[in-house]
Every structure is written in structure tokens, then in C-alpha cells.
Amino acid sequence: MTLAVFSGAAAQGTPTFAAPKIDVFKELRVISGVSVGASGDLTFVGSDARVHRTDAKGSEKWSFLMGDLGRAYPVVTPQGTTIAASYDDTVYAIDAAGKLLWKLKLDGDIFATPALRADGSVVVATAGGTVHAIDSVGKALWSYKVGAPVFSSPAVGADGTIYFGAQNNRMHALTPDGRLKWTYLAGSLVFSSPAIGLDGSVYFGSSDRRIYALTPGGQLKWRVQTGLFVNASPIITSGGVVVVGSYDGSLYALNPGGETEWTYKAGAAIAASAVELSDGTVVVPDLSGTVHAVGKAGQALWQIKTGKKIDTGLSVSDQGSLYFTTDGGGLNIIQKQRPLAVGPWTTFHASPSAWGRVPTPIDLQAQTQARRAAATAVLAALPPGTPTAPAQPAQPPAPTQGTKPPQPAQPGQPTVQPGPATPTQPAQPTQPAAPVLTPAQQAQAAARKARSEAGQVWLPLTEAAAALRLPVLNVTARTATLRVGTARVPVTVRRFAREVYVPLAALSELPGVQVRLGRAPAAVVLSVGGQQISFPVNLSQLVPLTGQVEYSRVLR
């Protein structure tokens, strides 16, 4: 068993749900991060100094021998080309069939993952202290001398600005043509790779134990102190929250203003990036070999303890598979989970294929379409009753809401009998009791009011939650909080015609909820607490919601 670098308190809280099982484990001697292409194929570097391309279950398609090992994530372009970096100071471009397209010798070992720009060129940083730009056919475009080794992976902003940290304690910003824009001096070395927000804000960690946020112009927005050095690279959730781990054994979630949203205590040092799944779950490994799933409020959802060090982040396919590697190079695959959340930087280097750039609107649209199509295909292929999330322990059905039974008199107290009505106050006519609808009736009522928007089915919150027997705790303009078992779970909502609507996809992604398709009659069947509820939604007759929907709020 590998010992963790940090040994602190036990992980925070008791996990709410049973951990998903590892569906596939293969000893593939992986030493780099794992990149996932749009098709679901995996690309990584092995301890044999080869770049390997496998299918989604780790069965090899091809391999290519480099001149030395390499730990950087391979970058997979939209055309399937792999850009791989090696300790032999060389960048390799390999086509989708595993054949060399070009290679270029640089000035030092390459530890950092290259960044892929929108025009197909790549930006590469070396331990020799130089940042290089190379076009799509392997021609050097320009180079910038940093004067200190660079282990931080370059990141490209929406305007083409290139950001990276270095061993001179500075975060750097270069223009797209390689001229220095600014530097910011941190308190110590910067191994952390920056994450870039849609507004151009730059987030990174430092060995000075701090998490930093800078403006696009390089001014300090805020910094937050942690207990030990921050070498992991931040992610930015679909809701704009910055999430990064520290060697103090905690995962920090900070809003754009630098205020703490939550802190999760993993109990061992965190050296790798987290990922955000489409239901808002954040998943992160620690150096003791435990993979933690953390809810939107920072609560422990589940944990997988491998007993082997994990120092690279998880990867997520559009088909909803999670990939991580353990010490020794074992590839672990957890299938039938959620795809990656859509956002500017919800995983290391911004995308499953490690592009390292802020996605354009076209990129975001393509991500949405690909993940919806993949999720639909996975769902349709499941046999009836197959869960798509870890099963929640069965809860006893909640009692129907009706009149409370009379309370028995306390010992020693007289029972008060009602007297005749006061003559001066005529008796009010008795109001008929509101009918108590069964869950099936609530589901039918919800289905009758169902609407569509942006490829999603939206249900009235009140009826849908009642059908699933999930208490609604509060409702704001954009979110509602439901009680699921003992957890408080926020979901996206919209208001229309004095009614609050919730995406059916959001309900299906609640912890412990299972989903399947009913075919005759057509319906979506949700199961919670062992009870199956059928929503007879007629997709061809849905009335659309009106108004503009926030992009990141639609896809779940």
C-alpha cells in the first residue's frame, strides 16, 4: 500500500450513498493522464514510452514509440490527431491511425501538457525555460524565453492570451504572437496549471499555500490561504465556483468573489485536479488512493478506497464513464455515471481531450450536442430497470398528507368535549377537504403540464416532487432545494406562467434516483426509495416554454 504524503483527520462525514463499483481494471502501466476523445477512445502514455490509443474499455487499437517517457496528458484534436510530449525534448503529432505526422525537437524535457489553439496550432512549455508555438504541420512559429523551468501547463483564454506559471514564482501572460503582456509574483513556486474563466479571470495555486485569482490584466482579485502548498490545478464549475485541492488534505470551493462556498476534508493530500459531473457532483482523488464524490453543498456522497496512490486527475467521457489510474499504472473504469458538466473549465485543461483553452460558443454547442446524444444512446441501450446512478438505500414511503389524527389526552388531564355553537356566531359551512392525490395521480398531473425547451423536458415542480415524495424545502428564482433521504439537494428551476418548472433530467440525476424508458405506453419511469413512478409524457405534443434559457443551466 502506498502511504499518503499528508496524514490528517479522516475524510469528512459519512458518505450518503454506496460507492459505484469499478467495472473494468487493467494493468496497462499508464504513467500520464488519460485523454478521452469524442468517440470515447482513450489516449495515454505508458511506462514503455509508447503513446497508446484504446477503446473505451482499454482494449488497444494502436501504439506509437517515442524517444523517452512522458507524463503530460496527450492532446487529442477534433480530427483525432494526438499531440504527445516526451522527456526526449520532443513533441510528436500522431494521426488517428497511429502514424507519425511530424515531430519537433525543443530545448528541454516537457512535463507540461501542451495547449491546443482554435487554429490547430499548439503551445508547449519546457523545463528548459522556453514556451514555444508550433503550427498544425509542425513548423515553429515563435518562442519566448522564461528564464526558469516551466512545469505548469499553458492555458489559452478566449482572446488568445496564453497563461502559465513557472519556477520563478510568477504567473505569466503572453499575447497570441508570443510577446509578454504581464507577470504576477506569487509567494513561491507555481506548479499549478491555471484555469481561465469566461470573463478572463485567472485562477491558480502556489507552493506558498495560497489560491490566487487574477484579473485578465494581471491584478490581484483575491487570494485564499490553505494549510499546505497548492500544486493541483483548479477547475471552474458550471456555476462559476473555483474548486481546487491542497496538500493539507482539503478541497476548497470558492465563489468568484473569493468567499468560501464549502470545504471538504479528504483526509489526505490532494495533488490532482477535480472534475465536475453534469449533476454538479465534484469527484477528486487523493494521494492515499481514495476517490471522493462531493455534493453541491460539500457533503460526502461516496468514496472508493483503492489503497494505491493517485496523483493524476480523473477523466470523464461523454458517455458517462469515469477513468483514473493508480500507482503502478492500473487503469480503472467506472461506467454508467454522468458526463462532464458543460462549462469553461470543469476538468483539468478544460476538456476531456486536454485542449487547454476556454471553449468558444461553437465548442460549447458541440459539447452539449455530443453529451446529450451520448447520454440518450446510453439510456436507450439500458434494459428496463437498470440504474444510471449509485442505488440509494431504500427509504420507507412517506405518509400521504392528510388530516393529522387526534392526539390522545395526557394522563391527569380532562378531555374537553366540544360544546354547542354560540348562537351569536352562526356556524360556518364546512369546507370540503382538498383531495389527497396519489403519487401516480401527481405524476399524471405533472405530465399534463409538461413543456419542452432546448431539447429538455420540463415538469411543474410541485406535482413532480410530490409524485416522487421529495419534500421541497425552498425555492428561489433559479434553484429549488429538495430533500432526498437525509440530503438537501439543489436543482435548477425556471418560472413560467406563475408555475415553477424543473428539468426532468435534473430529477433523474438526483442521488439515488434510477431511470428507465417505458415503451408501451411511452413514459419515463423514475424510481426513488424502491417506488416506481411513471410520467406519461407525450414528447410529440409538448408545448415549448418561452424566453431565453441560460445555457449552462439547461444541460444537466
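**Exercise 1. Find the salt-bridge network in this predicted model.**

Solution.
- Lys449, Glu463 and Glu499 are joined through salt bridges into a network.
- Opposite charges on side chains can pair when the charged atoms come close.
- Over the whole structure, the search returns nine salt bridges.

**Exercise 2. Take the salt bridge of Asp41 and Lys61. Which parts of the chain does the pair tie together?**

Solution.
- Start with the distance. The closest N and O atoms of Asp41 and Lys61 are 2.8 Å apart.
- Place both residues. Asp41 sits in the loop between β2 (35-36) and β3 (42-45), and Lys61 belongs to strand β5 (residues 60-65).
- The two are 20 residues apart in sequence, so the pair ties that loop to that strand.
- Check burial. Asp41 has a relative accessible area of 13%. The cut-off for buried is under 20%, so Asp41 is buried.

**Exercise 3. Arg71 and Asp311 also form a salt bridge. How many residues apart are they, and are they buried or exposed?**

Solution.
- The N to O distance between the side chains of Arg71 and Asp311 is 3.3 Å.
- Arg71 is in the loop between β5 and β6 (75-76), while Asp311 is in the loop between β29 (300-305) and β30 (315-316).
- They are 240 residues apart, and the pair links distant parts of the chain.
- Neither extreme applies. Arg71 is partly exposed at 36% relative accessibility, and Asp311 is partly exposed at 28%.

**Exercise 4. Describe the salt bridge between Asp177 and Arg179.**

Solution.
- The side chains of Asp177 and Arg179 meet at 3.2 Å, N to O.
- Asp177 has a relative accessible area of 42%. That value makes Asp177 partly exposed.

**Exercise 5. Which elements supply the largest nonpolar core?**

Solution.
- This core has 30 residues. Those with the most contacts inside it are Leu459, Leu482, Val491, Leu507, Leu510 and Phe535.
- At least two residues come from each of α2 (439-448), β34 (456-460), α3 (461-467), β36 (479-484), β37 (487-492), β39 (499-503), α4 (504-508) and β42 (531-535).
- α3 gives the largest share, four residues.
- Now zoom in on Leu482. Beyond four places in sequence, its contacts include Leu461, Ala465, Val491, Leu507 and Leu510.
- Another core, of 29 residues, lies apart from this one. Tyr163, Ala186, Ile196 and Ala213 are among its members.

**Exercise 6. Locate Ser201 and list its contacts.**

Solution.
- Ser201 is in the loop between β18 (195-196) and β19 (202-205).
- Its relative accessibility is 2%, so Ser201 counts as buried.
- Leaving out residues up to four places away, Ser201 touches Ala195, Ile196, Leu214, Pro216 and Lys221.

**Exercise 7. Compare the settings of Asn169 and Ala350, two non-glycine residues with positive phi.**

Solution.
- Asn169 has a phi of about 70°. Its place is the loop between β15 (162-165) and β16 (170-174).
- Asn169 is partly exposed, at 22% relative accessible area.
- Ala350 has a phi near 80°. Its place is the loop between β32 (330-334) and α1 (361-381).
- Ala350 is buried, at 4% relative accessibility.

**Exercise 8. Summarise the whole chain.**

Solution.
- Count elements: five helices and 43 strands.
- Gauge burial: 56% of the 556 residues are buried.
- Check contact range: of the contacts with a separation of 6 or more, 47% join residues 24 or more positions apart.
- Finish with surface: about 23800 Å² is accessible, and carbon and sulfur atoms hold 55% of that.

Technical notes: Residues are numbered from 1 along each chain as its sequence is written. Side-chain values use heavy atoms; hydrogens and water are left out. Buried means under 20% relative accessible area, exposed over 50%, partly exposed in between (1.4 Å probe, protein chains only). Contact means heavy atoms within 4.5 Å. A salt bridge is a side-chain nitrogen of Lys or Arg within 4 Å of a carboxyl oxygen of Asp or Glu. A nonpolar core is a set of buried Ala, Val, Leu, Ile, Met, Phe, Trp, Tyr and Cys residues joined through side-chain atoms within 4.5 Å. Accessible areas come from the Shrake-Rupley method with a 1.4 Å probe; for residues, only the protein chains shown count as cover.
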